[in-house]
Amino acid sequence: MGCACKQTPSSQAGRSARQVNMNPAVTVTELHKRYGAIHALDGLSLEIERGQIFGLLGANGAGKTTLIKSLIGLTRPNSGTIQVLDLDPQAQKHALRRQIGYMPQTPVLYDDLTAWENLLFWGRAHPIPNIQQRVSEVLAFTGLADRQHDPVYTFSGGMKQRLSLGCALVHQPVLLLLDEPTTGVDPKLRETFWAHFREMTDAGATIILSTHQMDEAVYCDRLAVMRGGQVLACDTPPALLRRGRTTVKVWNGAEHQTEQIADYAAELPRLLSRYHLDPSVSRIEVEHEPLEKVVLDLIASQEVNHVR
Amino acid sequence: MFANTTAVAARVLRQLRRDRRFVAISLAMPVLIVYMLSLFFEGVESPIVDPNKFVLPIGAFIVHFITYALCAIVLVRERTGQTLGRMFINGYRQIEIIGGYLIAYSLLSTMQSLIVLVGLEALFQLGYSLGVYAAIYAVIWLLAVLSIALGMFVSNFARNEGQVFPMIPLVIMISVFFSGMILPIDRLPEIIQWMRFITPMYYGTEGIQALIKTGSTLSDALPGIVGLLVYGVVLLVLATATLREED
């Protein structure tokens with residue numbers, strides 16, 4: 001059975017004032033999806049609050065893409081229930097799809113059409129008041145304005161990735177689902193993307209994204225660590241980081257003592273108190289385990305438990 | 001709904017406009033086949049075979065075959081390229097996708113039908129009246145449009161190009177041998193006489209043969225034309241219903 005990932009009421013309180021609809025954007029309960037002998041989703045439960053950036057972390061085959069496809073009704077689960085924006089992705093798919101944007105892992109575009117024509121086509125399925133202007137805005141945001149009239153087959157992988165993202169959000173969806181959106185995107189543009197994602201969530205949209213990039217995962221409001229079609233842990237990035245070990249080096253002249261603590265927020269003051277703020281302490285170095293290590297340890301510990 | 005259908009049609013037409021080689025080949029091949037047909041019938045002239053009885057149904061078959069095969073492959077390419085799935089997620093519905101393709105490829109079929117008919121008249125000097133030609137054109141055009149729907153319907157049962165290829169000769173074999181194009185239906189075994197209804201070529205051949213008989217009137221082609229229309233509607237419903245959007 002998968003680990004349920006639900007937020008406490010207090011964690012929702014900060015955002016509740018501006019959210020009209022208090023129901024979660026996504027509620028998944030005991031979701032199972034099998035492809036033959038492979039259990040892609042294994043009793044997964046999850047709740048995602050509206051107006052936040054929610055990250056799905058996990059190795060290949062963890063079930064991230066299957067989960068995203070289930071949320072948009074592109075894959076039919078074997079059992080379990082899903083509510084997305086208060087709608088059933090299978091029974092009410094048309095109503096749901098008017099409100100969502102989806103960017104698949106590999107760019108899905110018409111290579112023989114231009115960037116402009118691609119955006120226009122994907123956008124025309126939605127009632128956008130001034131679609132020409134909106135397409136121009138998206139081209140500017142994705143940094144493709146200069147190449148808007150070039151066919152997509154002349155684009156680099158990163159440019160296709162940017163255009164694919166543009167196609168997913170051209171209609172300003174309420175819920176945006178992104179499968180590894182910044183793969184192949186240069187750091188400067190990645191920063192622009194994240195700023196735009198934050199603008200969207202500030203305006204009330206919800207973003208769910210899967211990623212391998214731990215340095216960007218920390219920008220998410222909450223993260224779900226997945227393995228074997230289950231959620232191993234679901235928390236804010238700082239809370240997940242606190243699960244890692246912190247190395248503290250206390251320098252006394254040329255010598256230092258190294259100590260390791262588990263929960264630095266609780267244990268660091270206690271540790272430092274042992275040194276009584278000795279004037280000879282010249283430097284204190286605090287080094288947290290990176291998120292990547294925390295996540296890998298989390299996955300490894302669950303694997304050990306699984307074997308036992 | 002209609003706005004989305006026209007959006008799909010406009011997009012497919014844009015793609016066709018970009019792929020000039022594809023359009024040129026699609027239009028040149030019928031001409032080449034008609035020319036080769038004329039070479040064949042030069043060698044087996046009357047009284048062995050009367051070419052006038054065969055060339056128009058064969059011309060209709062050329063349009064049927066090319067349109068059907070092209071559409072089957074094009075739509076399965078949308079599936080393998082995942083653009084079909086993305087269209088569904090973006091809010092396009094089955095009927096809008098099928099309708100959009102039908103509109104766009106109908107324009108290509110309109111040209112193909114015309115080229116074949118003009119080519120047959122030029123090479124065989126069939127000498128029918130303008131009214132008969134107009135009616136024959138209507139039959140070939142209807143058959144071509146229906147072949148688009150048939151291609152899309154068949155492609156719904158394939159996940160990739162490799163799976164769609166074996167389905168192409170199956171449909172073509174039924175079209176050639178069960179339609180009455182080569183041998184009169186009443187001389188064929190009873191089981192084939194029943195199976196003739198499953199191939200659109202049967203209705204096309206019926207319509208054309210009724211029109212080219214001496215002393216026939218346009219109303220003689222009505223059963224064939226009505227058959228094509230009914231078959232087309234049924235096929236569109238089936239193509240729409242079987243267009244899967246899930247993995």
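Here are a few notes on this two-chain predicted model.

1. Housekeeping: residues count from 1 along each chain as its sequence is written, and chains are lettered from A, ligands numbered from 1, in the order in which they are written. As the model is predicted, local features need pLDDT of at least 70 and side-chain atom pairs pLDDT 80 or more, while totals for chains, interfaces and linings use all residues.

2. On the interface, 18 residues of chain A are in contact with 18 of chain B (C-beta atoms, placed from the backbone, within 7 Å). Helix 4 (residues 115-123) of chain A gives the most to chain A's side, with 3 residues. That side divides into 10 nonpolar, 2 polar and 6 charged residues (nonpolar being Ala, Val, Leu, Ile, Met, Phe, Trp, Tyr, Cys and Pro; charged Asp, Glu, Lys and Arg; polar the others, Gly among them).

3. Chain B has 11 helices and 0 strands (DSSP runs numbered from the N terminus: H or I of at least four residues for helices, E of at least two for strands). Of its contacts with a separation of 6 or more, 81% join residues 24 or more positions apart.

4. Of chain B's 247 residues, 45% count as buried (20 or more other C-beta atoms within 10 Å of their own; exposed is 12 or fewer, partly exposed in between; C-beta atoms placed from the backbone). Its C-alpha trace spans about 60 × 40 × 35 Å along the principal axes.

5. Worth a look: B:Q82 has a positive phi near 65° without being glycine. B:Q82 sits in the loop between helix 3 (51-80) and helix 4 (83-89) of chain B, and is partly exposed, with 15 other C-beta atoms within 10 Å.
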